[in-house]
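Visitor: I should like to examine this model through a series of questions. Please display the sequence and the structure before we begin.

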Amino acid sequence: MRFVQIYMGSGSKWDAHSDVEGNHSHRCRESDKPIAGLLKDLKRRKMLDSTLVVWGGEFGRTPMSESGTGRDHNPYGFTMWLAGGGIKGGVSHGATDEVGLYAVENRVHVNDIHATILDRLGLDHKKLTYLYNGRNERATINGGKVIREVTL
């Protein structure tokens, strides 16, 4: 299983506490065509089925204004997407409330996302451990289940 990890700038480039429209519009224009090109190229080369692509960030954005032109971090409801690598195409899982502030339907925890990514990479998140401060730990120690609704 291939895993593609691409960073676009530092977090501050997307961290629009002010001028969210100008900031995010610029970043989206910079990233939309290249990510579409990556997906098309992987599909054309018949590599998309064996390559997991994960698109996301650390937070969503609140739907309300912060100081006029910005929006604050929103850990309660945000979007990310996965493609290829054993993920069903065209599936939407979950929804936020009518203003986009809170996840209200098919809520998942970040541990569920980690478990799903690890599962698609052929790893059992319950068995994958790492040594930390002399103890075996796991990324999904406090929970996490594979989101089967999005996997093939």
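Visitor: Which side chain meets that of Arg 27 in a salt bridge?

Guide: A salt bridge is defined here as a side-chain nitrogen of Lys or Arg within 4 Å of a carboxyl oxygen of Asp or Glu. In this predicted model, the side chain of Arg 27 has such a partner at 3.2 Å, N to O. The two residues both lie in helix α2, 3 residues apart, about one turn of the helix. The partner is Glu 30.

Visitor: How are the residues numbered, and which parts of a predicted model are used?

Guide: Residues are numbered from 1 along each chain as its sequence is written. Because the model is predicted, local features need pLDDT of at least 70 and side-chain atom pairs count only at pLDDT 80 or more, while totals for chains, interfaces and linings use all residues; side-chain values use heavy atoms, with hydrogens and water left out.

Visitor: What is the mean pLDDT of the chain, and where is confidence highest?

Guide: pLDDT is the predictor's confidence in each residue, from 0 to 100. Its mean over the chain is 90, and 95% of the residues reach 70 or more. Helices (H or I, at least four residues) and strands (E, at least two) are DSSP runs, numbered from the N terminus. Confidence is lowest in strand β1 (residues 2-4), at a mean of 64, and highest, at 97, in strand β7 (residues 103-105).

Visitor: Is Arg 27 buried or exposed?

Guide: Buried means under 20% relative accessible area, exposed over 50%, and partly exposed in between (1.4 Å probe, protein chains only). Glu 30, at 39%, is therefore partly exposed. Arg 27 has a relative accessible area of 14%, so the class of Arg 27 is buried.

Visitor: Which residues are linked with Asp 41 in a network of salt bridges?

Guide: The side chains of Asp 41 and Arg 44 meet at 2.7 Å, N to O. Because these two are 3 residues apart in helix α2, about one helical turn separates them. Arg 44 is exposed at 57%, whereas Asp 41 is partly exposed at 27%. The residues linked with Asp 41 in the network are Arg 44 and Arg 45.

Visitor: How many salt bridges does a search of the whole structure find?

Guide: Another example joins the side chains of Glu 137 and Arg 135 at 3.1 Å, N to O. In that pair, Glu 137 is buried at 14%, whereas Arg 135 is exposed at 53%. For the whole structure, the number of salt bridges found is 6.

Visitor: Which residues does Trp 14 touch beyond four places in sequence?

Guide: Trp 14 lies in helix α1 (residues 11-14) and counts as partly exposed at 26% relative accessibility. Trp 14 and Arg 27 are 13 residues apart in sequence, and their C-alpha atoms are 7.2 Å apart. With contact taken as heavy atoms within 4.5 Å, the residues touched are Met 8, Asn 23, His 24, Arg 27, Cys 28, Ser 31 and Arg 61.

Visitor: Why is helix α3 described as largely enclosed?

Guide: Helix α3 spans residues 110-120. Among its buried residues are Asn 111, Ile 113, Ile 117 and Arg 120. The helix is largely enclosed by the rest of the structure because the buried share is 9 of the 11 residues.

Visitor: Which residues form the largest nonpolar core?

Guide: In soluble globular proteins, nonpolar side chains tend to be buried together. A nonpolar core is a set of buried Ala, Val, Leu, Ile, Met, Phe, Trp, Tyr and Cys residues joined through side-chain atoms within 4.5 Å. The largest has 6 residues: Leu 52, Ile 87, Ile 113, Ile 117, Ile 147 and Val 150.

Visitor: Another core, of 5 residues, lies apart from that one and includes Ile 35; which residues does Ile 35 touch beyond four places in sequence?

Guide: Ile 35 is found in helix α2 (residues 20-44). With a relative accessible area of 14%, Ile 35 is buried. The residues touched are Val 53, Trp 55 and Trp 81.
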